[in-house]
Amino acid sequence: MSLLSRGFGMAGWGFRWVLVLVLLALWRPGTACPELCTCTGVRISCVDTERSIMAFPMLQSEAEMENITDIYIANQSSFTAINEKDLNLYRNLRNLTVTNTRLTYISRQAFESNMKLQYLNLKENNLSNLSWRTFHHLNISSLLLAGNTLQCACDNVWMKQWRGEESEELMCVEEGGKRRALAMLTLPNCVLPTVTLKPTKVTMRKGLNVTLVCNTSGMPTPNLNWDTCKLNSAHQKEGSGQMSELKLLNVSSLDNGCKITCRSDNMVGESEASVHLDILFAPVISKLMDAISDHHWCIPFSVAGNPKPKLSWLLNDQPVEECSYILTKIHDYSEGEYHGCLHLDSPTHINNGKYTLMASNEYGEDSMAIFAHFMHEPWNESVTDPLYYDPTTDDTPLGPPEDKVAVYVVVGIAAITFTGFILMLVILKFGRNSKFGIKGFVLFHNVPVEVVAR
């Protein structure tokens, strides 16, 4: 073997060692996939029929589990349950398939941490009962349950109301082993709750009291619960069985627009009724801020009131006539308040002064004032700051445009005067030495020209 060949051989081995080192540097132990499954990107697949998993696979770090969006489990004879904490770390899970296994139990809290779950395929398993409460907090678009040994029991009647793609094809098993369409199942003492809430509309003055009454019916006897949207008003709950009262005392204006819900549920499903509080109160101005310069000048404010307050302005205690150059705009309504601005387009010193915001409706009024300064008066010589402010640029001229015009006029007059003086000097100099000037002088004194010429 020649020396050249040995060199190439050693270079080849060197390249291989470099490649191995690079691969080792790029390999991270945390990306290792469970032995009985395969992992590709954001997906885990466990389909080995010879060696079955017993529970959901666990990756080596929580960050890796959060990245998983798709889990596919099939043909696993040892997989029997989905327990409360099995999927807690798969927070971004969107698609879950568990099919053709011996799955018999799913905890009601199994999917508490999987708020992004949209597709759930549980076909061809051994599920006999499944509660609607397992899925009620999810926004599932597809729930597939065909091929399970679902019992013709009240626990499963909720599936009749499910509007999934296979709701009309689901079958259930009766006590004698006969199968029938779940959509046709009717059982005694198994009725979806109904609920009524009175009054259906609440419009009242701030500080008054009101009582909401909720009634329900259904079999088995439903449970009643109130969702009070974090009421600021004092409130009390009374009642039992299929009737409940919610008493609101000295209602607060902060609860205007609050949605109060009475919810009734049993094993068949859930129903609810709601009412929005319409609390009438006088305007309250919570914020009036200093003028700020953006594309236009803006005096920001926030005001609450129901009905919506009428807004007007005073400048130095005189009404402001709104037009295209100065007008009130509401930009947003949130948390019970109207947020907006008094917009001013290129204001001058004329617009300086005290601005008073007045808000009024049929229940009262409120006002708040603030001083705004846009430009100094051009005749105020004691001002040491720049006299003219341009809100559209960061630079400020040293004086107003009127001062510049005056300077230009003075310079022009001086230039004209100087030019005239120069012309006069030229005329005098050349006029003194010209022949015409001498002859004219002699003739004027009646001296013969010939004498002068000699």
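This report walks through the overall make-up of a predicted protein model, then one of its sheets and a patch on its surface.

**The whole chain**

Let's begin with the secondary structure: the protein chain holds 5 helices and 26 strands. Of its 454 residues, 34% are buried. Taking the contacts between residues at least 6 apart in sequence, 55% join residues at least 24 apart. The accessible surface amounts to about 28,100 Å², and carbon and sulfur atoms account for 56% of that area.

**A four-stranded sheet**

One place to look is an open sheet of 4 strands, which runs in the order S22-S21-S25-S26 with antiparallel pairing. Its edges are formed by S22 and S26, each of which pairs on one side only. Here are the residue ranges for three of the strands in this sheet:

| Strand | Residues |
|---|---|
| S21 | residues 310-315 |
| S22 | residues 318-319 |
| S26 | residues 364-372 |

The pairing of S21 with S22 is antiparallel and spans 2 bridges. If you zoom in on this pair, you will find Leu315 opposite Gln318 of S22.

**A nonpolar patch**

Now for the surface. Which residues make the nonpolar patch of about 660 Å²? They are Phe418, Phe421, Ile422, Met424, Leu425, Val426 and Leu428. Ile422 lies in helix H3, which covers residues 401-432. Is Ile422 buried or exposed? It falls in between: Ile422 is partly exposed, because its relative accessible area is 37%, and the partly exposed class lies between the 20% and 50% cut-offs. That value also suits a patch member, since patches are made of residues with over 30% relative accessible area.

Notes: Residues numbered from 1 in each chain as written. Predicted model: local features only at pLDDT ≥ 70, side-chain atom pairs only at ≥ 80, totals over all residues. Heavy atoms only, no water. Buried < 20%, exposed > 50% of the residue type's maximum accessible area, 1.4 Å probe, protein only. Contact = heavy atoms within 4.5 Å. Areas by Shrake-Rupley, 256 points an atom, 1.4 Å probe, with all protein chains shown as cover. Patch = residues over 30% accessible without salt bridge, like charges linked within 9 Å, V, L, I, M, F, W, Y side chains within 5 Å. Salt bridge = Lys/Arg side-chain N within 4 Å of Asp/Glu carboxyl O. Pairing = 2+ DSSP bridges.
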